Amino acid sequence: DLGLIEGPCPEPGLVVQPWLDDELLVVASPMHALLRPPALDGEARREALRDAVWLLREPGAGTREAGDAWLLPLLRAYRRSITMDSPEAIKQGVIEGLGLACLSRWAVQRELDQGLMRVLDTGLAPRRRPCYWVLQRDKPQSPALREFIALLQARRAQRAPARRRAPHKP
């Protein structure tokens, strides 16, 4: 009856409403070589990021498209990558040290808080993206659906003043 999506949707048969903002992060295992001193800057950092193994969503996935739009102007290409079909698989791969990933802060916040992952500084400006809720334009809404929509709207109202979240400190 209702979908939560991570990007705009031009489908005329759907009602599309802004919901919350999300932030994309590049994450790594705390033991990843790029998190150890000496810290790299400029071209050395870009080259190290290009050479890293990247754990990616499948082409067409919203997070993949947003991540590509953010990272590929810097990297030009992923020289080594593994494609996975779920954020959970990618998170486990990052935790196990298989590579870097670009994932939603919402998807990885628990792992960041637990110290299982760390945010890697890419040198790029932070990447935020809007999320939306959608429903069919002409479909009747049940009382339960109307109540759920009210919860989504209330959550948006709660988050509106605090849209910018402080960066995670390891």
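Buried means under 20% relative accessible area, exposed means over 50%, and partly exposed lies in between. The exercises below use this scale on a predicted model.

**Exercise 1. Cysteines**

Task: Work out how many disulfides the structure holds, and classify C9 and C102 as buried, partly exposed or exposed.

Solution.
- Step 1. Take the cut-off: a disulfide needs two cysteine sulfur atoms within 2.5 Å.
- Step 2. Test C9. The closest cysteine sulfur belongs to C131 and is 13 Å away, so the gap is too far for a bond.
- Step 3. Test C102. Its closest cysteine sulfur is also in C131, at 13 Å, so a bond is again ruled out.
- Step 4. Give the count: the structure holds zero disulfides.
- Step 5. Classify. C9 has a relative accessible area of 25%, so C9 is partly exposed. C102 has 11% relative accessibility, so C102 is buried.

**Exercise 2. Nonpolar cores**

Task: Find which element gives the most residues to the largest nonpolar core.

Solution.
- Step 1. Size the core. The largest nonpolar core has 17 residues. Those with the most contacts inside it are V26, L49, W54, L71, L75 and L100.
- Step 2. List the contributors. Strand 2 (14-28), strand 3, helix 2 (62-75) and strand 5 (100-104) give two or more residues each.
- Step 3. Pick the leader. Helix 2 gives the most, with five residues.
- Step 4. Look at one member, L75. Beyond its neighbours within four places in sequence, L75 contacts R46, L49, R50 and W54.
- Step 5. Keep the other core apart. A second, separate core has 13 residues, including L25, L55, L103 and L112.

**Exercise 3. R57 and A61**

Task: Place R57 and A61, and decide whether each is buried or exposed.

Solution.
- Step 1. Place R57. R57 sits in strand 3 (residues 53-57).
- Step 2. Apply the scale. The relative accessible area of R57 is 17%, so R57 is buried.
- Step 3. Find its polar partner. The side chains of R57 and E58 make a polar contact at 3.1 Å.
- Step 4. Add the surroundings. Setting aside residues up to four places away in sequence, R57 touches R64, T83, M84, D85, S86, P87 and I90.
- Step 5. Place A61. This residue lies in the loop between strand 3 and helix 2. A61 has 8% relative accessibility, so A61 is buried.
- Step 6. Compare sequence with space. A61 and E6 are 55 residues apart in sequence, with their C-alpha atoms 9.6 Å apart.

**Exercise 4. The second largest pocket and helix 4**

Task: Describe the second largest pocket, then follow helix 4 from its cap to the residue just after it.

Solution.
- Step 1. Give the volume. The second largest pocket has about 220 Å³.
- Step 2. Name the lining. It has 14 residues, and the closest to the pocket centre are E6, D22, T63, S104 and R129.
- Step 3. Map the lining to elements. Strand 1 (3-5), strand 2, strand 5, helix 4 (105-113) and strand 7 (127-136) each supply at least two residues.
- Step 4. Find the cap. S104 caps the N-terminal end of helix 4, with a side-chain oxygen 3.0 Å from the backbone nitrogen of W106.
- Step 5. List the buried residues of helix 4: R105, V108, Q109, E111 and L112.
- Step 6. Find their cover. It includes strand 2, helix 3 (87-95), strand 5 and strand 6 (118-119).
- Step 7. Finish after the helix. G115 comes just after helix 4 and takes a positive phi of about 80°.

Note on methods
Residues numbered from 1 in each chain as written. Predicted model: local features only at pLDDT ≥ 70, side-chain atom pairs only at ≥ 80, totals over all residues. Heavy atoms only, no water. Helix = DSSP H or I, 4+ residues; strand = E, 2+ residues; numbered from the N terminus. Buried < 20%, exposed > 50% of the residue type's maximum accessible area, 1.4 Å probe, protein only. Polar contact = N/O pair within 3.5 Å; in protein donor to acceptor, adjacent residues only side chain to side chain. Contact = heavy atoms within 4.5 Å. Core = buried A, V, L, I, M, F, W, Y, C linked by side-chain atoms within 4.5 Å. 1 Å grid on protein atoms, 1.4 Å probe; cavity = no way out; pocket = protein on both sides within 12 Å on 5 of 7 lines; lining within 4 Å. Points joined across faces, edges and corners; volume = space filled by probe spheres on them.
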